[in-house]
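Got the model loaded and a selection box ready? Let's walk through it stop by stop.

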Amino acid sequence: MSVSQEKRKLLIVEDDLGLQKQLRWGFDAYEVLLAGDRESALALLRRHEPAVVTMDLGLPPDADGATEGLALLQQIFALAPNTKVIVLTGNQDRTNAVKAIGMGAYDFHQKPFDFDVMGLIIERAFYLHSLQQENHRLQQNLADSPLGGIITRDPGMLKVCRSIEKVAPSSATVMLLGDSGTGKEILARALHQISARSDKRFMAINCAAIPENLLESELFGYEKGAFTGAAKQTLGKIELASGGTFFLDEVGDLPMPLQAKLLRFLQERVVERIGGRTEISVDVRVVCATHRNLKQMVEAGQFREDLYYRLSEIVITIPALRERMGDATLLAHHFRRKFGSQEGRPILGFSDDALNAIANHSWPGNVREMENCMKRAIIMADGPQITAEDLGLSGTADDDEPLNLRQVRDDACHKALIRALAKVDGNIVKAAELLGISRPTIYDLMNRYGIK
């Protein structure tokens with residue numbers, strides 16, 4: 001590997017050729033890339049992806065203004081939002097420099113500049129970029145649960161993921177219990193993906209979303225001429241899922257007549273289309289979900305007891321978001337990155353009051369409410385940070401604590417660690433500073449509590 005390949009890449013955007021030479025000579029510790037206008041700067045950015053960029057806001061064809069420089073800055077963050085941009089400016093351009101900082105620039109330095117001071121600013125920018133990259137990789141490792149699509153560090157939710165992993169290879173019927181918006185369908189899809197049936201279909205039906213008079217034909221299908229409008233033979237969702245997984249969402253809303261027909265299917269593993277005379281064998285894994293209390297419905301005569309026991313061979317209860325330690329803030333960061341990228345606002349961050357509001361809100365709508373809230377905040381935020389006002393949240397947390405002193409200390413330490421990591425988006429250095437401990441200590445605690 002050559003020396004130039006080992007050097008960190010620094011893009012300098014400057015239309016003054018004399019200053020270009022000075023900057024190349026002054027910063028020869030880096031692989032210096034030179035651009036004199038917006039088009040060439042963007043070409044170099046795409047090709048080399050430099051971690052740090054220094055740029056003059058006055059670029060041709062508006063060398064005396066800042067329109068080209070600010071336009072370039074916006075495009076840099078659209079292409080590479082983690083790039084550290086240092087703006088070089090004259091005394092008269094201070095207002096535009098402050099505007100550039102508001103857009104996401106890392107720092108600004110006035111001309112004529114001191115090479116030693118400028119060198120320190122550039123080196124600090126490189127260091128911060130590498131630190132953020134390292135912490136982003138660590139955060140991804142920490143936040144990724146064993147199942148795709150589930151983002152959590154909460155011990156209870158991780159236990160749910162492990163339970164899904166255990167039952168996936170079996171043929172048992174699984175019931176997922178949890179409030180609306182907790183991710184029941186995502187878990188059902190994850191179960192399907194890690195099962196032996198993953199190469200076959202995953203079919204889902206929501207019993208609460210389909211009118212009762214149509215639900216039977218959706219489930220079991222119908223023959224041509226079975227009723228007015230039945231112009232052709234149509235297979236039901238259960239039959240279409242043959243060989244794969246059939247997900248029955250909101251099963252507590254299933255009408256009583258269909259409960260009997262579903263029970264027969266679960267017992268015999270055959271379906272009979274409406275208007276048909278032939279029993280059709282179907283090999284399908286059944287997963288169901290509901291936010292209702294089926295035991296109470298059984299006692300009230302609203303749900304068949306025999307069907308309940310058929311459906312609940314394995315029962316997995318999903319905790320509400322308010323019960324998941326640190327996950328609210330963790331998910332907020334996830335949705336901020338997701339929707340920030342989609343809406344062209346990738347550099348938006350959270351203010352402290354926003355993070356406190358997120359941590360203290362009860363989230364009655366769970367992850368679905370969180371997702372909607374973050375998307376709205378990304379769109380409505382005026383400044384470079386999402387504030388509590390943008391979120392429109394309020395509330396305080398009130399956790400019941402055990403009385404055993406050792407357990408209180410241990411639980412408090414565990415909760416503080418998870419909340420600190422969530423608040424700083426997985427940044428180990430900032431989490432250590434927030435907790436007032438060293439990095440080796442925080443790694444020891446992470447190892448102790450199984451946060452990997």
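Start by selecting strand E6, residues 174–177, together with strand E13, residues 285–290: the two run parallel and are joined by 4 bridges. Strands here, like helices, are DSSP runs numbered from the N terminus, with at least two residues (E) for a strand and at least four (H or I) for a helix. Two strands count as paired if DSSP finds at least two bridges between them. Put labels on Val174 and, opposite it in E13, Val287.

Before moving on, a word on ground rules: this is a predicted model, with local features needing pLDDT of at least 70 and side-chain atom pairs counting only at pLDDT 80 or more, while totals for chains, interfaces and linings use all residues. Residues are numbered from 1 along each chain as its sequence is written, and side-chain values use heavy atoms, with hydrogens and water left out.

Stay in E6 and click Leu176, which sits in that strand. Is Leu176 buried or exposed? Leu176 is buried, with a relative accessible area of 1%; buried means under 20%, exposed over 50% and partly exposed in between, using a 1.4 Å probe on protein chains only. Now draw a distance from Leu176 to Phe265: they are 89 residues apart in sequence, and their C-alpha atoms are 20 Å apart in space.

Zoom out to the sheet around E6. You should see an open sheet of 5 strands with parallel pairing, in the order E7-E10-E13-E6-E14. The edge strands are E7 (202–206) and E14 (314–317), each pairing on one side only. From one strand to the next, the twist averages 20 degrees; for such angles, axes are lines fitted to C-alpha atoms (for helices over the stretch in contact), and the values run from 0 to 180 degrees between N-to-C directions.

Next, select the other open sheet on this tour: 5 strands, again with parallel pairing, ordered E2-E1-E3-E4-E5. E2 and E5 (107–110) stand at its edges with a single partner strand each, so one side of each has no neighbour in the sheet. The average twist from strand to strand is 20 degrees.

Color strand E1, residues 9–13. Because 4 of its 5 residues are buried, E1 is largely enclosed by the rest of the structure. On the E2 side (residues 31–35), 5 bridges link the parallel pair, and Val13 stands opposite Ala35. Toward E3 (residues 52–56), there are 4 bridges, also parallel, with Ile12 partnered by Thr54. Add helix H2, residues 17–26, and you have a right-handed β-α-β unit made of E1, H2 and E2. Right-handed means that, with the strands pointing away from you, the path from the first strand over the helix to the second runs clockwise.

One step further, E3 is joined to E4 (residues 84–89) by 5 bridges, the two running parallel. Check Val53 here, opposite Val85 in E4.

Last stop: the largest pocket. Select Gln132, Arg336, Leu348, Gly349 and Asp425, the residues nearest its centre among the 34 that line it. Which helix gives the largest share of the lining? H6 does, with 6 residues. Other elements supplying at least two residues each include H5 (94–103), H14 (327–342) and strand E15 (349–350).

Key
On a 1 Å grid over the protein atoms alone, a cavity is a set of points where a 1.4 Å probe fits but cannot get out, and a pocket is an open set with protein on both sides within 12 Å along at least five of seven lines; lining residues have an atom within 4 Å of a point.
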